[in-house]
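Trainee: I would like to go through this structure and ask how each label is justified. Where do we start?

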Amino acid sequence: MLLRNNPMDMPTRKTISRRAALRSLGTTGAAIAVLGNRSGAAAEAAPSRGRQTAPSGADARELLEERVRQAPLIDTHEHLFEEKERLDGSVNQRIPCDDWSLLFNHYLNSDLVTCGMPKTDIDRFFSPGVDPAGKWRLLAPHWPAVKNTGYAQAVRISIRELYGVDELSETSVGRVQSGYERMRRPGFYRRILQERAGIESCQVNSLTGEPFKKSDMPAFLMQDLSIVGMFSGPQIQKYAAGTGIEVRSLGDWHRVIEWWFEQYGRYAVAVKSQHAYSRDIDYARVPAEEAEPVFQKVLRKDRVSREERKLLEDHLFWYSVDQATAHGLPVKLHTGYYAGQDGMPLSRLRFNAGSAAELCRLSPGTKFVFMHICYPYYEELLAVAKHWTNAHVDMCWSWIINPVAAKEYLKKHIVTAPINKLLPFGADYMFVEPVLGHAIMARRGVAQALAELVEERWLQLDDALDLVDRMLHGNARAIFQLDRKTEALRRASWARGLPGDRGSGPG
Ligand SMILES: [Zn+2]
């Protein structure tokens, strides 16, 4: 109950020094200690804080930083492999090597490509057969060009925090590699995510093929149900196998979709689609009669025109989303910026926010979560969040795409749209190590946004302090009903007998 001793309950700073007040907050590991004791709700249970008379700007900043450091963080978007998959290399097509360069593989590799690193050097950098010094020689000519991007900053912070190395160099890469090996051992997911990053739980959109992943840590690595293959393609083999349903009509396919929600709706934390990588999210409500002939063509593997494909996708998108809504599941949709390089149709992404507004209009009962602040069109998405009751914004990935823009978005959201519709963090990684760097950047950005709003007098310090717990974990617990999910996941058939997955969250 560290948070009960906080300076907000104390007399004004006239009678107590800032340093003393901060000391009473405990160490920077307070949030982690709270999580470690499995009392992550402690922050919420803290007594209502007394009013604070205006301290100086530096004092306010320090108070906010400390409050943000202490608050348990809920991570609403990851693509993390299971820990055992990382350790035994069973998903090796996505894990090209098992050394320190892996931290660069998702997303910093894209900055390396676009700064001009030759493909042959990239391939060698991520290959298993090159020693640390050899990898450094490949990286060194390009490192100065990328080392300050958000993608690189997350990696550098992780390398510093996990391996104790401040600066990559010919002489330090050996220590980075031995640090990598020391860390990458059974239990490292909890050590990094929970103990170091202060993360209470994650929400994973698995990329290893299954629409719903039965995690070994079900209440800690909570999972999204992937719906993209229900309407894109659709991926009949993948989704129908195991359901016992033979798909000969659109009606059969509807039953397959329903099967997934009946089986996993209670365990999934949300549904997720990254379909915006293929087209705009402008899904119209198309009746089954219009979609059926196209679906028959797909079954016969006949050629389907672009217009026909859109018609079928639109129909099935809403069939899946209506199922999600009926099962109380929020609908997470990718918007904005593309991962990778040399392929983003920016002119199309400009329409994402407008299409998001139309989705909100078409289904007022659906809780939409628009991901990645629709970067770079975040001002437009903020207008959607302000106007539509059912629109929520997830800042996942944004702190490393453009940390300054993410901070700007957060400042603007706080003074524009209701705060209960904001999810401030998801690291969006396949590999666990850089999640720590991203989480540290997000906490820094949240504290900065609040402090700047206080300094600019758009926010009172008391109100800024009150926002911290709400943003860092309160909103996610409410939007995704995490108490209920945690209970269901602890009782899940595949979770019985798993060692010690009790999550760290409430309930
Ligand atoms: Zn993602």
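Mentor: With contacts: two residues are in contact if their C-beta atoms, placed from the backbone, lie within 7 Å. Among contacts in this chain between residues at least 6 apart in sequence, 75% join residues at least 24 apart. The model is predicted, so local features need pLDDT of at least 70 and side-chain atom pairs count only at pLDDT 80 or more, while totals for chains, interfaces and linings use all residues. Residues are numbered from 1 along each chain as its sequence is written.

Trainee: How many helices and strands does the chain have?

Mentor: The chain has 25 helices and eight strands. They are DSSP runs (helices: H or I, at least four residues; strands: E, at least two), numbered from the N terminus.

Trainee: What makes His 79 buried?

Mentor: A residue is buried if 20 or more other C-beta atoms lie within 10 Å of its own, exposed if 12 or fewer, and partly exposed in between. His 79 has 20 C-beta neighbours inside 10 Å, so it counts as buried. The residue lies in the loop between β1 (73–78) and α5. Leaving aside neighbours within four places in sequence, its contacts include Val 204, Leu 207, Asp 428 and Met 430. His 79 and Met 430 are 351 residues apart along the chain, yet their C-alpha atoms are separated by 4.6 Å. Over the whole chain, buried residues make up 47% of the 507 residues.

Trainee: Why is Ser 232 called partly exposed?

Mentor: Ser 232 has 19 other C-beta atoms within 10 Å, and therefore counts as partly exposed. It sits in the loop between α13 and α14 and, beyond four places in sequence, is in contact with His 275, Ser 278 and Glu 313. The C-alpha atoms of Ser 232 and His 275 are separated by 7.5 Å, with their positions 43 residues apart along the chain.

Trainee: And Glu 379: why does it count as partly exposed?

Mentor: Because Glu 379 has 14 C-beta neighbours inside 10 Å. This residue lies in helix α20 (residues 378–387).

Trainee: How do you know that Lys 301 is exposed?

Mentor: Lys 301 has 7 other C-beta atoms within 10 Å, so it is exposed. Lys 301 is in the loop between α16 and α17, and has a positive phi of about 60° although it is not a glycine. Arg 457 also has a positive phi, near 65°, and is not a glycine. Arg 457 is exposed because 8 other C-beta atoms lie within 10 Å, and its place is in the loop between α23 and α24 (461–479). Most residues other than glycine have a negative phi, and most peptide bonds are trans.

Trainee: Which residues are joined by cis peptide bonds?

Mentor: One cis bond joins His 106 and Tyr 107, with omega about 25°. Tyr 107 is in the loop between α5 (83–88) and α6 (108–114). Another joins Gly 233 and Pro 234, with omega about -15°. Pro 234 is in the loop between α13 (228–231) and α14 (236–240).

Trainee: What makes α10 roughly perpendicular to α23?

Mentor: The axes of α10 (residues 150–163) and α23 (residues 433–455) come within 7 Å and cross at roughly 105°. Axes are lines fitted to C-alpha atoms, over the stretch in contact, and angles run from 0 to 180 degrees between N-to-C directions. Angles under 35 degrees count as roughly parallel, over 145 as roughly antiparallel, 65 to 115 as roughly perpendicular and the rest as oblique. That is why α10 is called roughly perpendicular to α23.

Trainee: Which residues of α10 and α23 make the contact?

Mentor: Among them are Val 155, Ile 157 and Leu 162 of α10 and Leu 436, Ile 440 and Met 441 of α23.

Trainee: Which helix gives the most to the largest nonpolar core?

Mentor: A nonpolar core is a set of buried Ala, Val, Leu, Ile, Met, Phe, Trp, Tyr and Cys residues joined through C-beta atoms within 7 Å. The largest has 145 residues, of which Ala 356, Phe 370, Leu 381, Ala 439 and Leu 450 touch the most other members. Helix α23 gives the most to this core, with 13 residues. Leaving out residues up to four places away in sequence, Leu 381 touches Thr 335, Ala 353, Ala 356, Phe 370, Ile 373, Cys 374 and Val 393.
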